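Notebook open, coffee poured. I want to look up a pocket, a couple of sheets and some helix pairs, and jot down what I find.

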Amino acid sequence: MKKKIRNILLRSCALVVCFILMAGMTASADTPYKTYTIDGYGYVLETQSAYNPLAAITKVGETSFVNPVDMAISKEGNLYIADAGAHVILVSNLEGEQVGMIGEGILQTPTGVYVAENGTVYVADKDAKKVFVFDKQGNLTAEYGKPISPIYGNSMDFKPSKVVANKTGTMYIICEGNMNGIVQLSPVEGGSFLGYFGTNYTSLSPFQMLQRLILTDAQRAQMLSNIPSTPTNLHIDDTGLIYTVTQGDQDMSLKKLNIAGKNLLDSDPYWADLPAAVTTGQYHNILVADSDGYIYEYNEEGELLFMFGGRDDGRQRIGLCNKVEAIAVDDNDRIYLLDSDKKQIHVFEPTEFTNLLHESLYLFSKGQYTASKEPLSKVLQMNSMFYYANQAMGHAYLQEENYDEALKYFRLAKSFDGYSDAFWEVRNIWIRNYLVYAVAAIILVIVAYKGAKKVYIAKHGSVEKVDITHRSNLGAQLRYSLHFMRHPMDGCYGVKREGKASWACANILLAAFILISIIEKYFSGFLVKNVREGRYDILTDIGSVLIIFIGLTLCNYLVVTINEGEGFFKELYCAYAYCLTPFIVIKPFVILISNVLTYNEVFLISFANIVVWVWMLVLILLTLKEINNFTVKETAKALAITAFTVLILSLLVCIIYVLFSQVIDFVVTVIREVVYRIGS
């Protein structure tokens, strides 16, 4: 009996192990790509799968695709596929079963299709040079050719490639070769031209401006024309906002345009490289498809949520594409991606992680901040560092006036604007509660200091001031740095003629400068910190300051020596160390203040930094002049030669480093080859 039970247990364990292994293999096979997001610093990170490939539609009913180039989903849940090779619009349900066919015998090369809420179908036909309009049953109701308007341009051709329409029937048409923008066409009077919309602009670099100034007309005519790119594709959402994508526009390839044509999105470094199509989801999220098969999902503000997909490697796996032409989203949040090269439509379904994120997006957009916390909490349980979830959670707590929790989540999300708003409220609460006590404490300290001073004077007669200008011990030399920063000319005389500096004093000042710069880098206020939290590279920080300070001093010494300067290396080294005093004295206060300021006062930090660095620069210039007894002209000459010397030495160091690295690589390669041959 025991033996039988043991066998049953062993078999059960074996089945469980097999099931786990099979489940792992299925997950790996079902998702042939990785999903990425970005953190608050803008770095790309891998995250959970946002969408899994579900299926591929390769034909509509029994009709195979010939050259599908565009696609749209109607409110009823039907797919409309513009097949330029078959000269028709194929209509199917979301499973690929044929529902109908539009434009047979009418269309020549349909390259764009759009379905309005009432079922009206708009088709852009490039070769026919018309936009055709069909009713819900597929009957042709109207067609629009080239606008008859001098504003459109008499010599401008009309080759519509993509089309959408708003609720009034006004059409927005992308025309091939038309760089003026999107054509706005009203349905009244057989198609009235309303003007160009969402025009892309171009800019000139300083070098191009210089070229245009100095080149002749003939030479300028031979240059490449600096013309704006034509939008690649467009989409219109339920509110009438127009979304466009443009290939070749690196700064703003995605735009969200209001009725006035103003872009509502800020510039972002993570636009698609070759955007082919754009659409919106059920939660105001924006989805952009790259020609190579990558899908970018953004929230309504244009912040990247996910990036996934990729190019097919030849194994014909679902979810990987060769050439994407269109993208659409159904009511179940499934993504449909049209691949014209593989002649199929890839279908992706959202994961639980994405469904929760979308739910929170919807609740948050409706102002239901408290309700959005529940799905956001589940998202953060799956990925505690997901940027957008932390940011949204911070806003939810901010709306609930739970400012401490809001600070926590805004800091995790690296949301500086949100952190500033929450910290403003936290600081106001502290001021209301403790300002009276803080003022009383300051007054008490002042009164205590005054009283102690009076007692000391009554006991000793007076308070003697220490004269540091005629003392040469280390403590006096360090205090002399305060005199140097206020009276640099007199200070240089003391360094050069009276021995008011030493190697020990200079090194202590340099060490203090390094220490304060490290504290500033890693412990400044969150709103002004420029380094990622939790990342420390102190050895590099120390080495950089030492190399720059000693290298510049050495180069400057070599230059002034050649130019008959009177300063010795020790004098220059010590005097330049004294020039660091404004940084050493002022920066600690700046660091402290940076931890209690919001964005409204952060300009004070910038102003203090400007004062410190300008002060140090003036001290360095005066030191160079006074230590070497230079004129202003000689000082400027020495500075220019020093800069050139630093440049030459930097290039020399880089060349030596590259050559040394190559020698090391060669030696390592030889050793590996010898070891391999000996081992074989």
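How much space lies in the second largest pocket? I looked it up and got about 630 Å³. Note to self before going on: this is a predicted model.

**Entry 1: the pocket**

Next I asked which residues line this pocket. I found 21 of them in the lining of the second largest pocket. Nearest its centre lie Ile548, Phe549, Leu552, Leu580 and Ile620.

Then I checked which elements those lining residues come from. Four helices give two or more residues each: H11 (503-523), H12 (538-562), H15 (603-628) and H16 (632-679). H12 gives the most, with seven residues.

What is the lining like by class? I noted 15 nonpolar residues, five polar ones and one charged one.

**Entry 2: the four-stranded sheet**

I moved on to the strands. One open sheet has four strands in the order E3-E27-E26-E25, and the pairing is antiparallel. Its edges are E3 (51-57) and E25 (324-329), each of which pairs on one side only. From one strand to the next, I get an average twist of 25°.

A reminder I scribbled in the margin: strands of a sheet pair through backbone hydrogen bonds, either parallel or antiparallel.

I took a closer look at one pair here. Strand E3 is joined to strand E27 (residues 344-350) by six bridges, and the two run antiparallel. Which residue of E27 is the bridge partner of Tyr51? I found Pro350 there.

**Entry 3: the three-stranded sheet**

I also looked up an open sheet of three strands, ordered E18-E19-E20, again with antiparallel pairing. E18 (233-236) and E20 (254-257) are the edge strands, pairing on one side only. Ignoring direction, neighbouring strands in this sheet are turned by 15° against each other on average.

How many bridges join E18 to E19? I have four written down, with E19 covering residues 242-245 and running antiparallel to E18. For a single example, I noted Asn233, whose bridge partner in E19 is Val245.

**Entry 4: two helix pairs**

Last, the helices. I started with H5 (residues 369-382) and H6 (residues 387-399), which pack at an angle of about 150° with their axes 9 Å apart. Angles over 145 degrees count as roughly antiparallel, so H5 is roughly antiparallel to H6. H5 passes H6 in a left-handed crossing.

Then came H7 (residues 403-413) and H8 (residues 416-460). Their axes come within 9 Å and cross at roughly 150°, which makes H7 roughly antiparallel to H8. What is the handedness where H7 passes H8? I wrote down a left-handed crossing.

Technical notes. Residues numbered from 1 in each chain as written. Predicted model: local features only at pLDDT ≥ 70, side-chain atom pairs only at ≥ 80, totals over all residues. Heavy atoms only, no water. Pairing = 2+ DSSP bridges. Axes fitted to C-alpha atoms, helices over the stretch in contact; angles between N-to-C directions. 1 Å grid on protein atoms, 1.4 Å probe; cavity = no way out; pocket = protein on both sides within 12 Å on 5 of 7 lines; lining within 4 Å. Points joined across faces, edges and corners; volume = space filled by probe spheres on them. Nonpolar A, V, L, I, M, F, W, Y, C, P; charged D, E, K, R; others polar. Parallel < 35°, antiparallel > 145°, perpendicular 65-115°, else oblique. Left-handed = near helix turned anticlockwise from the far one by under 90°.
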